[in-house]
Amino acid sequence: MRITRAFGALTAALLTLGAVAAGPAAADSTPSPSPSGDTKAPTQAGTSFRTATEIEQGQRATASAAAGDYLYWSFPADAGVRPTVTATVKLPGTHASQTWQIDVYDGLRRRQSCQYGAQTRTAAQGTGSVELACVLRTVRAWSEAWSNDPLPGTYYIRLTAVGLQSSDLGLPVSAEVRVDSKDIGGAAAVDGSLAQPLVPGIAVTSRQNGSESGSDSGSGSGSGSKKAAVLSSIEPDGGWSSGWWSDRWVWTGIGAVLAALAGIGGYALTRGPGRPTRVPPGA
């Protein structure tokens, strides 16, 4: 009877742990779309890494430009997610054959390879639009110094036309970009994490007597003032979460429960019926 009760309690604990592990995964596997008519969606793009326009995941950013321009956006990506960058370029009615390319760089400005997706596409003469996509590798919480693994922090998108004919230079185009992520979960967990995400400094402030104020490039800072970098203003929903916790701990607990159940079952099978009731205790 005791074995039966213990078996039932462990089974209930196993089901509870499974529900805890499956709940967050199901909630995070699909990114929440941005609301229609979002007034916060950017309508322009930067022209370099330093002037890249910040966008949030799930947000569709637009920009008007001329063929031959370099368009830059930036977005945050945390550990354990697999970002997907999509872009659509609308072309004028009359143009020659154009090849468009989308590149993604991490916070160290290392070009990240795409697992799959049409990173480069050629629009034939007269084609109205061209669509590009890049599915990155899963962002890791930590990696070796020699590795080119994507790390948590800011990522840059660069969209441009390559090999343009001189007749197409300066033609008006419009671009749309969007970033979504899939939560991979404990399968991407590693034993380690960055002390801080790779978030660039986009400005400099002057600190003096506990207060902060924007500073220009000119001199004039007193002996009691200190300059500090202001980090990027965007971060993933809920903040940067790369740390020691992942749902791998839940599955480790489930494995421990299964091992305990196996031990109880083995003991029940091998202990035998015990002392017969007809034999007195002192015999």
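Which residue in β9 does V85 stand opposite? V85 faces C134 there. Keep in mind that this is a predicted model, so everything below is computed from its atoms.

**The overall picture**

The protein has two helices and 14 strands. Of its 283 residues, 34% are buried. The accessible surface adds up to about 16400 Å², and carbon and sulfur atoms account for 54% of that. Now take the contacts between residues at least 6 apart in sequence: 73% of them join residues at least 24 apart.

**Strands around β9**

Back to β9, which covers residues 129-136. Strand β9 pairs with β4, and also with β7. Here are the two pairings side by side:

| Strand | Partner | Direction | Bridges | Residues that stand opposite |
|---|---|---|---|---|
| β4 (residues 81-90) | β9 (residues 129-136) | antiparallel | seven | V85 and C134 |
| β7 (residues 114-116) | β9 | antiparallel | two | C114 and L136 |

So if you're tracing β9 in the viewer, look for C134 opposite V85 and for L136 opposite C114.

**Q101 in strand β5**

Next up is Q101, which sits in strand β5, residues 98-105. Which residue does the side chain of Q101 meet in a polar contact? The partner is T120, and the two side chains come to 3.3 Å. T120 also turns up in the list of residues that Q101 touches once neighbours within four places in sequence are set aside. The rest of that list is R111, Q119, L132, R158, L159, T160 and V162.

**The aromatic side**

Strand β5 also holds Y105, which brings us to the rings. How many aromatic pairs does a search of the whole structure find? The count is four. One of the pairs is F49 with Y105, an edge-to-face arrangement with 5.2 Å from centre to centre and 90° between the planes. Why does this pair tie together parts that are 56 residues apart in sequence? Because F49 lies in the loop between α1 (2-28) and β1 (53-54), while Y105 belongs to strand β5.

Are F49 and Y105 buried or exposed? Both F49 and Y105 are buried. These two rings have company as well: F49, Y105, Y72 and Y156 make up one aromatic cluster.

**If you want a quick tour**

Start at β9 and its seven bridges to β4, then move to Q101 and its polar contact with T120. Finish at the cluster of F49, Y72, Y105 and Y156.

Notes. Residues are numbered from 1 along each chain as its sequence is written. This is a predicted model: local features need pLDDT of at least 70, side-chain atom pairs count only at pLDDT 80 or more; totals for chains, interfaces and linings use all residues. Side-chain values use heavy atoms; hydrogens and water are left out. Helices (H or I, at least four residues) and strands (E, at least two) are DSSP runs, numbered from the N terminus. A polar contact is a pair of N or O atoms within 3.5 Å; within protein, one must be able to donate a hydrogen and the other to accept it, and residues adjacent in sequence count only if both atoms are side-chain atoms. Contact means heavy atoms within 4.5 Å. Rings of Phe, Tyr and Trp (its six-membered ring) pair if their centres lie within 6.5 Å; planes under 30 degrees apart count as stacked, over 60 as edge-to-face and the rest as tilted. Buried means under 20% relative accessible area, exposed over 50%, partly exposed in between (1.4 Å probe, protein chains only). Two strands pair if DSSP finds at least two bridges between them. Accessible areas come from the Shrake-Rupley method with a 1.4 Å probe; for residues, only the protein chains shown count as cover.
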